[in-house]
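Good morning, colleagues. Please look at the structure on the screen while I go through selected parts of it.

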Amino acid sequence: MFLRNAWYVGAWGTEIGRQNLLRRTLLNEPVVFYRQEDGTPVALEDKCAHRHAPLSEGKLVGDFIQCPYHGLEYDASGACVRVPGQSNVPPDCRVRSYLAVERHQWIWVWMGDPALANSDDIEDFHWMDAPGWVAKGERMHLKGNYKLLIENLLELSHLAYIHATTLGTGAIAEEQMTFDRGDRDVSLTRWIMDSPVSNMFQKLGGFEPNEHVDRWQRVTWTPPAFVKLDVGAARANTGAIDGDRSQGFGYRNLNAITPETDGTSHYFWAQARDFRVDEDWISDLFVQSTHEAFSEDLWIIGLQQENMDTGTTHPRIDINHDGAAIQAIRMLEAMIEAENGAAGAVSGATRRNSQTPLQS
Amino acid sequence: MFLRNAWYVGAWGTEIGRQNLLRRTLLNEPVVFYRQEDGTPVALEDKCAHRHAPLSEGKLVGDFIQCPYHGLEYDASGACVRVPGQSNVPPDCRVRSYLAVERHQWIWVWMGDPALANSDDIEDFHWMDAPGWVAKGERMHLKGNYKLLIENLLELSHLAYIHATTLGTGAIAEEQMTFDRGDRDVSLTRWIMDSPVSNMFQKLGGFEPNEHVDRWQRVTWTPPAFVKLDVGAARANTGAIDGDRSQGFGYRNLNAITPETDGTSHYFWAQARDFRVDEDWISDLFVQSTHEAFSEDLWIIGLQQENMDTGTTHPRIDINHDGAAIQAIRMLEAMIEAENGAAGAVSGATRRNSQTPLQS
Amino acid sequence: MFLRNAWYVGAWGTEIGRQNLLRRTLLNEPVVFYRQEDGTPVALEDKCAHRHAPLSEGKLVGDFIQCPYHGLEYDASGACVRVPGQSNVPPDCRVRSYLAVERHQWIWVWMGDPALANSDDIEDFHWMDAPGWVAKGERMHLKGNYKLLIENLLELSHLAYIHATTLGTGAIAEEQMTFDRGDRDVSLTRWIMDSPVSNMFQKLGGFEPNEHVDRWQRVTWTPPAFVKLDVGAARANTGAIDGDRSQGFGYRNLNAITPETDGTSHYFWAQARDFRVDEDWISDLFVQSTHEAFSEDLWIIGLQQENMDTGTTHPRIDINHDGAAIQAIRMLEAMIEAENGAAGAVSGATRRNSQTPLQS
């Protein structure tokens with residue numbers, strides 16, 4: 001069961017257009033994306049009301065989408081506007097239209113009750129296109145439930161293991177972290193003080209090889225499945241922890257996860273920065289190295305999901321590092337419960353989290 | 001649920017013989033086909049009574065089929081006639097035998113109660129081997145329920161869309177059609193008067209390029225899943241619509257669909273003609289172009305079936321062009337209901353058709 | 001339902017070590033195998049207690065196995081001994097440890113109640129490593145339930161059909177066999193007297209081409225799924241049937257089957273001999289020819305399993321040759337019933353065997 005009354009990222013703006021209609025399954029439902037002639041994005045149920053053929057195999061006729069099978073045409077509201085061979089259109093002939101808004105490079109869709117939708121509620125990802133910023137990323141595919149990826153992003157000790165040769169250093173897993181639960185977010189903050197700079201940070205921040213830095217990561221989750229990282233480093237002991245970042249640099253890792261099915265997910269992410277924005281090699285390096293690291297995450301989460309579905313699976317045991325993830329999943333599940341008006345309908349595996357004392 | 005007391009096409013006569021025993025699943029049941037020494041076709045349950053190995057992996061010993069695993073032999077009636085290592089045969093040792101009749105180039109099988117079978121009821125496909133006629137075709141495989149293909153054949157507006165570059169012209173979808181429901185058949189007739197001749201028809205009928213013709217299509221469905229097309233064209237306004245085909249030519253497209261499983265089907269078809277029967281290039285052209293066009297149908301029906309099985313699927317909306325298909329499916333389902341003595345056991349999706357007013 | 005309180009072969013000793021941790025599913029449960037620094041084999045549930053990642057993707061840290069995802073470490077008892085980022089370990093943090101014993105070249109595991117395990121009960125396969133003997137084999141994978149392979153090994157008439165060009169001769173299926181049911185075993189004995197020697201036996205035993213031999217096969221099943229064959233031949237009429245094997249030679253074919261899932265199995269086997277033990281070509285010939293013959297078995301059993309799962313499957317009909325297999329499966333199912341304290345919980349298909357009169 002998904003939170004339906006929420007804005008999700010359905011596609012990159014660059015993925016949709018007037019050619020190659022994009023079919024994408026979101027929250028178990030097939031959706032077709034296209035643009036009207038004025039560029040406005042459209043998201044419709046990808047299933048003709050007549051005989052259920054996928055509209056995404058058809059073509060655009062002006063602002064209408066034409067079914068590939070029998071030629072029925074639909075407008076952006078999902079109403080059928082033409083049936084070949086007859087002058088009238090059957091009154092119930094329509095496909096579901098999903099509200100679609102283009103913002104921050106992404107196409108946002110509302111899969112729930114349209115009466116509850118307000119585009120002001122679209123999650124703030126202004127770093128994606130704010131003046132002075134440059135952002136670049138991609139969509140990846142996860143063979144796992146989206147909650148597993150939320151947990152992954154809210155738990156940093158795995159950097160030392162899964163990302164041992166990419167992002168991690170041995171020290172990371174032993175660092176203590178603090179997290180805060182707000183009304184509608186959970187944040188996790190980690191400072192790694194006075195430690196050797198990584199190769200990538202050295203290149204980006206202009207540090208000397210083996211120079212020591214104070215490194216920060218602030219991870220903020222907001223529902224249903226957005227995780228934003230404020231990441232950076234400054235020369236060791238120059239006051240970054242107290243707010244002075246002048247001796248360092250930072251960037252944002254921006255993540256939006258959208259359930260595809262119960263067991264698979266879309267992973268939209270970008271790296272955004274406000275330094276050296278004209279240097280494409282930095283963008284390329286960011287995308288390439290992030291892709292490499294996230295591939296490691298998707299690999300282990302895919303195995304995790306498959307293993308959970310094999311043989312006997314005991315309830316999870318929580319550890320200190322899970323604190324932030326537990327809070328986020330608990331908050332998300334409460335929202336899903338509230339949306340469905342069914343206080344008892346939580347899955348056992350994740351509900352257990354709420355009974356586990358947190359120690360960080 | 002399938003109509004079981006009916007003759008279905010199980011194979012082309014050329015597909016079965018004394019070598020390479022043919023295994024084919026029909027109505028969810030695995031069947032093995034072979035010929036006795038005198039050429040008589042045999043269709044048996046492809047599952048040894050002993051330990052359920054597929055007989056089709058065995059070999060023929062005279063008129064008997066020998067199990068590949070332990071050597072049990074069965075005769076054409078399905079009775080086990082030999083068990084290695086013992087002189088007697090266990091009394092219940094038999095596999096089901098399906099009545100099999102070779103007629104009109106095809107092997108017909110009866111999957112229901114043998115007591116109700118009468119080979120006189122085999123559908124008339126005499127064009128397949130009548131004197132003065134030549135017929136050629138093939139078997140194709142559909143990843144979809146057989147009813148979707150019946151509907152496809154009884155609905156002609158899709159020619160303008162799915163077959164836009166092969167069979168269709170833009171005009172087709174707007175043509176009005178008439179259909180008749182008989183006691184045990186549904187026919188759909190279309191006349192396209194005074195319209196430009198297609199490339200293929202020009203070649204076949206000896207028309208001039210861009211000449212106008214009166215074109216006819218008469219589609220007749222009979223249960224469970226036979227669809228015969230009488231197709232042709234004559235010089236425009238020479239009286240073909242009133243019965244004078246002397247200024248034109250025609251041929252038959254003959255289709256027999258057999259359910260393989262609930263979600264897959266066998267599609268047997270041939271093109272038959274009584275003109276220029278010695279010119280092989282016409283047979284080849286027919287088979288090649290029909291294969292190309294039918295591949296387009298199987299492609300979209302496969303997507304249709306897959307889409308119906310994905311996410312939320314609303315009840316169908318019918319349009320005018322569906323008239324004939326609705327009548328045929330309604331008649332078929334009534335026969336299935338009657339066979340099963342369960343008036344209420346119809347699937348929701350297709351039952352809806354009977355509540356839709358027809359407008360053509 | 002499997003017999004759980006039993007020793008099964010989980011792996012060849014050569015398959016496990018300190019690198020390339022071996023994941024293997026046994027009785028539907030994923031298990032990871034490794035060796036401690038002193039060489040002792042370890043078998044643990046391959047599912048971290050924390051977030052269910054597969055430990056087999058991690059690495060060894062001394063005698064501990066470290067989870068690839070978050071770095072938790074487990075000792076050979078399955079107890080978590082380290083959680084990164086915290087000094088204490090949650091009290092319930094452990095994975096299941098399976099008793100593992102290395103014996104006769106194989107790693108034996110106990111998948112049931114550890115309190116009932118006694119390594120003295122490990123099946124006797126001393127030919128695998130006894131002085132004066134040499135044994136060589138492999139693991140094969142069966143796409144079928146393990147009982148189908150037990151039945152295969154206890155039924156010899158199939159040699160004439162499945163192995164017609166490898167092991168069988170036409171005469172075999174008609175030979176009579178005798179079987180004995182002991183308290184905890186079933187044995188099947190066949191003597192083929194005064195018959196032409198096979199190519200392989202001629203080479204191995206030093207017989208003349210076309211010489212006649214007395215050939216024996218004694219097949220012994222012990223639960224849950226061990227089958228040992230004592231196979232050999234001697235010059236015809238030199239008293240082998242009365243115990244004098246001096247004019248012949250013999251070897252052991254040793255089989256241990258372990259359920260992987262309900263529908264798939266691991267097949268461990270070896271050929272052991274006490275003659276010409278230094279001649280590697282004989283070992284190679286044994287392994288190669290046995291591999292070829294067993295591939296034929298796994299092929300037909302895979303088809304058998306698939307066919308059983310397709311369409312209508314009637315209850316089995318038994319034949320005389322099934323006597324030994326019926327006794328073994330009956331005994332095995334009684335043990336499973338007893339273990340589960342549920343006398344009625346037998347599968348229909350095999351229970352039928354116990355109602356079939358045996359005639360050999």
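**Strands, symmetry and contacts in a predicted model**

I begin in chain C, where strand β6 (residues 64-66) and strand β7 (residues 73-74) are paired in the antiparallel sense through two bridges. Helices (H or I, at least four residues) and strands (E, at least two) are DSSP runs, numbered from the N terminus, and two strands pair if DSSP finds at least two bridges between them. Opposite Gln66(C) stands Glu73(C), in β7(C). These strands belong to an open sheet of four, in the order β5-β6-β7-β8 of chain C, with antiparallel pairing. Its edge strands are β5 (59-61) and β8 (80-82) of chain C, each of which pairs on one side only.

A word on the source. This is a predicted model, in which local features need pLDDT of at least 70 and side-chain atom pairs count only at pLDDT 80 or more, while totals for chains, interfaces and linings use all residues. Residues are numbered from 1 along each chain as its sequence is written, and chains are lettered from A and ligands numbered from 1 in the order in which they are written.

Next, strand β10 of chain C. Five of the five residues of this strand (residues 106-110) are buried, so β10(C) is largely enclosed by the rest of the structure. Here a residue is buried if 20 or more other C-beta atoms lie within 10 Å of its own, exposed if 12 or fewer, and partly exposed in between, with C-beta atoms placed from the backbone. In a regular strand the side chains alternate between the two faces of the sheet. In β10(C), Trp106(C), Trp108(C) and Trp110(C) lie on one side, Ile107(C) and Val109(C) on the other, and both faces are covered.

Which strands pair with β10(C)? Strand β1 (residues 7-12) of chain C does so in the antiparallel sense over five bridges, and Trp12(C) has Trp106(C) as its bridge partner. Strand β9 (residues 97-103) of chain C also pairs with β10(C) in the antiparallel sense over five bridges; there, Val101(C) is partnered by Trp108(C). The hairpin of β9(C) and β10(C) has two residues between the strands, and His104(C) takes a positive phi near 55 degrees in it.

I turn to the relation between the chains. Chain B is superposed on chain A, with an RMSD of 0.1 Å, by a rotation of 120 degrees with 0.1 Å of shift along its axis. That is the relation of a three-fold axis. The superposition is by least squares on the C-alpha atoms of residues with pLDDT of at least 70 in both copies. Within chain B, the residue that comes closest to the rotation axis is Asp309(B), at 13 Å (C-alpha). A turn of 120 degrees and a shift of 0.1 Å along the axis likewise lay chain C on chain B, with an RMSD of 0.1 Å. In chain C the C-alpha nearest the axis is that of Asp309(C), 13 Å from it.

How many residues of chain C are in contact with chain B? There are 23, and they meet 22 residues of chain B, where contact requires C-beta atoms, placed from the backbone, to lie within 7 Å. The chain C side comprises nine nonpolar, twelve polar and two charged residues. In this division Ala, Val, Leu, Ile, Met, Phe, Trp, Tyr, Cys and Pro count as nonpolar, Asp, Glu, Lys and Arg as charged, and the others, Gly among them, as polar.

One residue with partners in two chains is Pro84(A), whose contacts include His70(A), Gly71(A), Ser157(B) and Ala160(B). Pro84(A) lies in the loop between β8 (80-82) and β9 (97-103) of chain A, and it is buried, with 22 other C-beta atoms within 10 Å.

Finally, helix α4 (residues 323-340) of chain A. Its 18 residues reach 26 Å from first C-alpha to last, close to the 26 Å expected at 1.5 Å a residue; the expected span is 1.5 Å times one less than the number of residues. Among the buried residues of α4(A) are Ile329(A), Leu332(A), Glu333(A) and Ile336(A). Just after α4(A), Gly341(A) takes a positive phi of about 60 degrees. Met1(A) is in contact with Ile336(A) and Asn340(A), leaving aside neighbours within four places in sequence. With 14 C-beta neighbours inside 10 Å, Met1(A) counts as partly exposed.
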